[in-house]
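Hi,

Here is the structure I promised to pass on. Have a look at it first, and then read my notes underneath.

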Number of protein chains: 2
Amino acid sequence: MKNEENTVVCEEKSATRFSACLLFSANALARAITAIGDEEFGRFGLCYSHAYMLCEVVAQPGITPSELSETLYLTPSTITRLVEKLEQKHYVRRESEGKRTLIYATAEGDAIQPEIAQAWERVGTRYSEVIGKNDVCQLTQQVFKAAKSLGKTS
Amino acid sequence: MKNEENTVVCEEKSATRFSACLLFSANALARAITAIGDEEFGRFGLCYSHAYMLCEVVAQPGITPSELSETLYLTPSTITRLVEKLEQKHYVRRESEGKRTLIYATAEGDAIQPEIAQAWERVGTRYSEVIGKNDVCQLTQQVFKAAKSLGKTS
DNA sequence: TAATGATATTTGTATGTGCAAACAAAAATG
DNA sequence: CATTTTTGTTTGCACATACAAATATCATTA
């Protein structure tokens with residue numbers, strides 16, 4: 001037991017000059033929560049965005065990159081990269097149709113769906129335990145609403 | 001005008017199966033708001049984390065990487081990389097003292113402080129306009145609180 | 001004081017993400 | 001029908017970030 005430990009208790013990770021800034025706080029939250037997500041989804045070799053994308057592809061066979069871009073709030077180029085990764089792992093396949101690209105889940109992609117759902121639940125449980133179940137609901141809604149508003153303008 | 005367009009109007013960028021997930025929403029918000037930040041701070045060649053770090057160095061001359069790591073909620077290795085960037089731009093300098101490293105702002109680093117402050121304000125103004133000034137305050141507090149809670153456990 | 005453990009910092013490496021440009025295909029226009 | 005413009009997708013490149021391992025220094029203990 002050192003002094004440091006004791007003195008730190010008083011101000012343990014308290015507000016900094018940045019905590020009042022949403023730019024700062026939003027990124028801090030995203031990093032912290034992504035760490036949980038990647039840990040859970042990482043158990044079967046995916047990061048959270050891969051998993052979410054695969055979910056969407058399974059739910060909407062033949063979905064296009066641009067549609068995924070809107071759903072996942074990610075840039076088209078990022079979508080291409082994620083699809084490549086999933087293709088490489090044999091979870092999805094691409095089909096060219098004119099200027100569009102249709103994306104389908106493979107059998108393997110369908111097969112790990114339950115595992116993804118479980119990981120998803122565990123993620124939710126874990127951050128709910130820390131943040132508090134009631135707060136999470138409200139917070140999530142507000143965060144999403146803000147993200148949506150900002151997303152439309154840029 | 002296609003059917004798609006019309007049906008989409010009802011749910012334009014509305015909730016997806018992911019919007020109820022804080023992992024998803026938090027990242028979406030962080031990306032959207034970082035885009036604003038990097039645009040404003042980018043006017044003078046910095047990204048938002050560089051700018052914030054420089055602020056902290058100016059405010060606390062001789063601050064160490066580990067202290068910065070705690071304040072900025074970033075990994076020590078990331079801090080090293082950011083410091084390298086700022087050093088390269090001649091905004092800070094490093095001083096080795098035993099196993100620690102002390103970081104000081106240069107004259108140039110001090111000089112652009114007002115510009116950073118202005119950009120910071122513009123960022124705040126911009127997202128406040130979109131999200132709503134009242135909501136921002138509350139949202140920021142909640143987001144930071146959540147980030148802090150999650151940060152402690154991991 | 002020599003050896004072992006703890007702490008601070010830095011590198012090697014990998015990855016998700018975005019911007020701008022390239023490309024391909026469709027639509028609109030003359 | 002040819003040309004131009006728009007739309008969808010993919011690359012080239014850059015960058016912030018993290019993890020794990022390597023260093024370097026300090027602290028502790030035998």
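Before the numbers, one term: buried area is the accessible area, taken with a 1.4 Å probe, that two parts lose on being put together, summed over both. Keep in mind too that this is a predicted model.

Let's start with the two protein chains. Chain A and chain B bury about 5,600 Å² between them, and carbon and sulfur atoms carry 72% of that. In terms of residues, 57 from chain A are in contact with 57 from chain B. There are two salt bridges between the chains. In one of them, Lys145(A) pairs with Asp135(B), with 3.9 Å between the closest N and O atoms. On the chain A side, helix 2 (22-42), helix 3 (48-59), helix 4, helix 7 (113-131) and helix 8 (133-153) each supply at least two of the residues that touch chain B. That side is made up of 33 nonpolar, 15 polar and nine charged residues.

Now the DNA. Strand D has 26 residues around it, and the closest are Ser66(A), His50(B), Ser77(B), Thr78(B) and Arg81(B). Of the strand D atoms that come within 4 Å of the protein, 71% belong to sugar and phosphate.

A few individual contacts to look up:
- Thr80(A) has a side-chain N or O atom 3.1 Å from a phosphate oxygen of strand D.
- Thr75(B) places a polar backbone atom 3.0 Å from a phosphate oxygen of strand D.
- Arg81(A) has a polar side-chain atom 3.2 Å from a base nitrogen of strand D.

By class, the surface near strand D has 11 polar, nine charged and six nonpolar residues.

Cheers

How values were computed
Residues are numbered from 1 along each chain as its sequence is written. Chains are lettered from A and ligands numbered from 1 in the order in which they are written. This is a predicted model: local features need pLDDT of at least 70, side-chain atom pairs count only at pLDDT 80 or more; totals for chains, interfaces and linings use all residues. Side-chain values use heavy atoms; hydrogens and water are left out. A residue is near a molecule or strand if one of its heavy atoms lies within 4 Å of it. A polar contact is a pair of N or O atoms within 3.5 Å; within protein, one must be able to donate a hydrogen and the other to accept it, and residues adjacent in sequence count only if both atoms are side-chain atoms. Ala, Val, Leu, Ile, Met, Phe, Trp, Tyr, Cys and Pro count as nonpolar, Asp, Glu, Lys and Arg as charged, and the others, Gly among them, as polar. Contact means heavy atoms within 4.5 Å. A salt bridge is a side-chain nitrogen of Lys or Arg within 4 Å of a carboxyl oxygen of Asp or Glu. Helices (H or I, at least four residues) and strands (E, at least two) are DSSP runs, numbered from the N terminus.
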